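Trainee: I'd like to go through this one with you piece by piece. Can I just fire off questions as they come?

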Amino acid sequence: MTASTTRRSLPADGVTWDVLETEMRARRLDDIRGHWTKAFRAPRDVQEVGLKAYTMFLSDNGFFSLYHPYIGDIEQETLEMCVSLFHPLADSCGNTTSGGSESIFCALHAAREWAREHRPVKGVPEIVLPYSAHPAFSKACHYLGMKIVRTALAADYRGDVQAMADAVGPNTIALVGSAPCWPYGLYDRLEDISALAVQHGLWMHVDACVGGYLAPFVERLGHALPAWDFRLPGVQSISADLHKLGYCPKPMSTVLWRSAGLQKFHYVSPVDWPAGEYKMMGLVGSRSGGPVFAAWCTLKYLGDSGYLRLAGQVLDAKRRLVDGIRAIEGLDAWDTDLLPVAFGSKGDDLEAIVGGMTALGWVLLGNYEPPLVNLPVDAATDDAVIDTFLDELADVTGKVHRGEIDAKGELRYG
Ligand SMILES: *Cc1c(COP(=O)(O)O)cnc(C)c1O
């Protein structure tokens, strides 16, 4: 929060749930127009399974998962189910985390520790990655005392591997590619980045936060995607969010390691206090057991065929949105490799279009370079959402074109 001059304090006496519930309900976004803020969700029956498991273990402490089998077995099985999707080697493994940002932090931390042993550098360790990579990489580098080197994109908005190669210097320890990146939904040239990593003996991380739990099923539905996982020899770690297209309740993500030997660089387990070794799954200590059990139940409830079916639904919803947007005069949708859907305007002011949609109650994510709106399509994106969105988008775009709307919205992430 920001500093406030009218500081609020605890109510003198407790407030009844009835009153609180009324306040909570008043704050809820419209089911349809608030849809994109809830991403990513599966259809209601899947959400309910997650909710039930979550509440059942809400007060249990995930802290115990490396110590007590009642939760540890569940988390390990969850991780094994996850790792199995990424073309693992015999000892590929993973850790759960609170989200993509933590998964990325953990991967860069492990890379830094690995480099101390396997690629010692004299200066500040550097990470080279395309400009379109998620800001969590910049944040992690800041925390970890590393330098981030973002390189120019190629004309097709994918990372330019030659620019990355040119940026590799004596202090470089790792390369990163996205599968896909958020702003454009495009895969970087991961095969070439992997070759570059192998050539220079660098760690390579693939950010599959948004695509990781969708891509394996999309591939099996017959849609070609570039190789992005442990099939590529240079890939040492992958971030993939269960709370995105794995449909698990937030907060739940995974960081996957090519081998157990790499995972050992992840753990920091101090013993310098009175109560023995402190070994945690990731960065956080106490955490709700809810997300752990909810993830296990969601994966089991859907199973392989369930994820395959939902991947088909996501692709259908994406197709309908892309076709519908292209049918609106003045707008154009990109050919993204996977998600999100990204669309821009051919001439009208996209900020005004977002302003008009915001005035109707929609909450939209966008991108400035170039101006785009990003739609996080999921398996809960049903006909009511798609039809209402397209109708109102067509109406607002027409009004902007005729100069009837000039309120500006923001094209930003979050
Ligand atoms: C969402 C996302 C992240 C960050 O994940 P959080 O769970 O929001 O911390 C990182 N990279 C990509 C490509 C993402 O889509």
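Trainee: What phi does G145 take, just after α5?

Mentor: G145, which comes just after α5, takes a positive phi of about 65°. Helices here are DSSP runs of H or I of at least four residues, strands are runs of E of at least two, and both are numbered from the N terminus. Keep in mind that this is a predicted model, in which local features need pLDDT of at least 70 and side-chain atom pairs count only at pLDDT 80 or more, while totals for chains, interfaces and linings use all residues. Residues are numbered from 1 along each chain as its sequence is written, and side-chain values use heavy atoms, with hydrogens and water left out.

Trainee: And which residues of α5 are buried?

Mentor: In helix α5, residues 136-144, the buried ones are A136, F137, A140, C141 and L144, where buried means under 20% relative accessible area, exposed over 50% and partly exposed in between, with a 1.4 Å probe and protein chains only. Seen down the axis of α5, these buried residues fall within an arc of 135°, so they line one face of the helix; the arc is that of the directions from the helix axis to the C-beta atoms.

Trainee: What sits on the other side of α5, and what covers the buried residues?

Mentor: H142 and Y143 are exposed on the other side of α5. The cover over the buried residues includes α4 (100-118) and the strands β2 (126-130), β3 (147-151), β4 (172-178) and β5 (203-207), with contact meaning heavy atoms within 4.5 Å.

Trainee: Switching to S92: is it buried or exposed?

Mentor: S92 counts as buried, because its relative accessibility is 12%, and its place is the loop between α3 (69-83) and β1 (93-97).

Trainee: What does the side chain of S92 reach?

Mentor: The side chain of S92 reaches the backbone nitrogen of L89 at 2.8 Å and the backbone oxygen of R258 at 2.7 Å. Leaving aside neighbours within four places in sequence, S92 is in contact with V83, F230, W257, R258 and S259.

Trainee: How about L393, what does that one touch?

Mentor: L393 is found in helix α12 and is buried, with a relative accessible area of 0%. Not counting residues up to four places away in sequence, L393 touches I325, I328, L331, F343, I353 and M357.

Trainee: Where does G285 lie, and what does G285 touch?

Mentor: G285 lies in the loop between α9 (260-263) and α10 (290-326) and counts as buried at 16% relative accessibility. Residues up to four places away in sequence aside, G285 touches F63, Y278 and M280.

Trainee: Now the largest pocket: what volume does it have, and which residues lie nearest its centre?

Mentor: The largest pocket has a volume of about 850 Å³, and among its 27 lining residues K38, R41, A42, R44 and Q47 lie nearest its centre. On a 1 Å grid over the protein atoms alone, a pocket is an open set of points with protein on both sides within 12 Å along at least five of seven lines, a cavity is a set of points where a 1.4 Å probe fits but cannot get out, and lining residues have an atom within 4 Å of a point. Grid points are joined across faces, edges and corners, and a volume is the space filled by probe spheres set on the points.

Trainee: Which helix gives the most to that lining?

Mentor: α2 gives the most to the lining of the largest pocket, with seven residues.

Conventions
Polar contact = N/O pair within 3.5 Å; in protein donor to acceptor, adjacent residues only side chain to side chain.
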